[in-house]
Amino acid sequence: MWTDAAGRDQPEKSYGTHQVLTGVDLAVDRGSRVVILGLNGSGKTTLLRILAGEQQPDSGRVVHGHGLRLGYFAQEHDTLVRDHTVRQNLADAAPYLTDGEVRRVLGAFLFSGDDADKTAGVLSDGEKTRLALAGLVHSGANVLLLDEPTNNLDPASRDEVLAAVGSYPGAIVMVTHDEGAIDALRPDRVLLLPDADEDLWDEEYRDLVGLA
Ligand SMILES: Nc1ncnc2c1ncn2[C@@H]1O[C@H](COP(=O)(O)OP(=O)(O)OP(=O)(O)O)[C@@H](O)[C@H]1O
Ligand SMILES: [Mg+2]
C-alpha cells in the first residue's frame with residue numbers, strides 16, 4: 001500500500017478552509033512497521049481513515065497493492081456488531097478460526113466463558129478494544145491500521161494487546177501516545193504530522209511520543 005510514490009498525487013485533505021493533510025508520501029511495504037506521531041488535531045486519524053478507504057482525500061490517492069488485506073482499528077467507529085455476542089463477533093471477524101481456537105483466543109484476550117455470551121453492545125470501552133483487536137490480529141489481514149489501540153486498557157489488557165502487536169507477522173501502521181506501544185511495535189519508520197515528514201525510526205523520536 002502506498003500513496004503516490006513518484007511524488008505526485010499525494011493525498012491532501014481539508015475541512016473547509018482548514019487544511020489537515022498536505023502531500024503525504026508514504027509506502028507501507030510487506031511487514032513494515034510505521035508509527036505516526038503528532039499533536040492532537042494534527043490529522044493522524046484523518047490519515048488512517050484515508051488509508052483505510054473510509055474517507056476520500058480531496059486530491060491525491062492511496063494505492064492498494066495486489067493481495068493487500070487491510071484491518072482497521074478505530075476507537076470511535078469500531079467494527080463490532082452490538083447485538084452479536086462476544087464469541088460471534090470474534091468468529092465473524094476471524095472466519096478461519098475453529099470453535100476451539102475462538103475459545104482459546106477469547107481466553108488469551110482475557111474474556112472468560114461467561115463473557116463470551118455477552119452482547120458486544122454491553123461491553124466497556126476497554127473490553128470493546130480488546131475484542132476488536134483480537135478479531136483483527138486473527139482476521140487474515142496483512143496490514144493493520146491501529147489508531148491508539150492501548151487507550152482505555154487496564155494494565156493486564158494492555159499487556160495482552162501489546163503482546164499481540166509484538167508477535168503480529170504483517171505490517172502495522174500505528175498512531176499512539178504510549179511509549180510501551182512503541183516498544184511492542186519496534187517501528188522501522190516514523191511519520192510526523194502535520195508536516196508529513198517521514199524518517200527512519202530513531203530512539204530520539206521517543207521524546208515526542210508522550211508529548212504527541
Ligand atoms: N468531519 C470533520 N469536519 C471538520 N473538521 C474535522 C472533521 N474531522 C476532523 N476534523 C478536524 O481535522 C483536524 C484533524 O483531526 P484528527 O482527528 O485527524 O486529528 P488527530 O491527529 O487524530 O488528533 P488526536 O490526537 O486528538 O486523536 C482537527 O482539527 C479536527 O477538528
Ligand atoms: Mg485521532
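These legends accompany close-up views of a predicted model.

**Figure 1. The whole protein chain.**
The protein chain contains 7 helices and 10 strands. It has 212 residues, and 39% of them count as buried. Look at contacts between residues with a separation of 6 or more: 72% of these join residues 24 or more positions apart.

**Figure 2. The shell around ligand 1.**
Ligand 1 is surrounded by 10 residues. The closest are Y15, N40, K44, T45 and T46. By type, the shell divides into 7 polar, 2 nonpolar and 1 charged. Helix α1, residues 44-52, gives the most to this shell, with 3 residues.

**Figure 3. Helix α1 and the residue after it.**
The buried residues here include K44, L47 and L48. R49, I50 and L51 of α1 are buried too. K44 is also among the residues closest to ligand 1. Just after α1 comes G53, which takes a positive phi of about 80°.

**Figure 4. The largest nonpolar core.**
In soluble globular proteins, nonpolar side chains tend to be buried together. In this model, the largest nonpolar core holds 54 residues. I36, L144, L145, V165 and I172 touch the most other members. Helix α4, residues 125-137, provides the largest share of this core, with 6 residues.

**Figure 5. I36 and its contacts.**
I36 lies in strand β4, which spans residues 33-37. Leave aside its neighbours within four places in sequence. I36 is then in contact with K44 and L47, both of them buried residues of α1. Its other contacts of this kind are V173, V175, L191 and L193.

**Figure 6. The buried side of helix α2.**
Helix α2 covers residues 86-93, and its buried residues are V86, N89, L90 and A93. Why do these residues lie on the same side of α2? They cover an arc of only 95° around the axis, and so they share that side. An α-helix has 3.6 residues a turn, so residues three or four places apart point the same way. The buried residues of α2 pack against two helices, α3 (99-108) and α4.

**Figure 7. G31 in its loop.**
G31 sits in the loop that links β3 (18-21) to β4 (33-37). Is G31 buried or partly exposed? It has 13 other C-beta atoms within 10 Å, so G31 is partly exposed. Now follow G31 to a distant part of the sequence. Y168 is 137 residues away in sequence, yet the C-alpha atoms of G31 and Y168 are 9.1 Å apart in space. Beyond its neighbours within four places in sequence, G31 is in contact with G170 and A171.

How values were computed: Residues numbered from 1 in each chain as written. Chains lettered and ligands numbered in written order. Predicted model: local features only at pLDDT ≥ 70, side-chain atom pairs only at ≥ 80, totals over all residues. Near = placed C-beta within 6 Å. Helix = DSSP H or I, 4+ residues; strand = E, 2+ residues; numbered from the N terminus. Nonpolar A, V, L, I, M, F, W, Y, C, P; charged D, E, K, R; others polar. Buried ≥ 20, exposed ≤ 12 C-beta atoms within 10 Å, placed from the backbone. Contact = placed C-beta atoms within 7 Å. Core = buried A, V, L, I, M, F, W, Y, C linked by C-beta atoms within 7 Å. Arc of directions from axis to C-beta.
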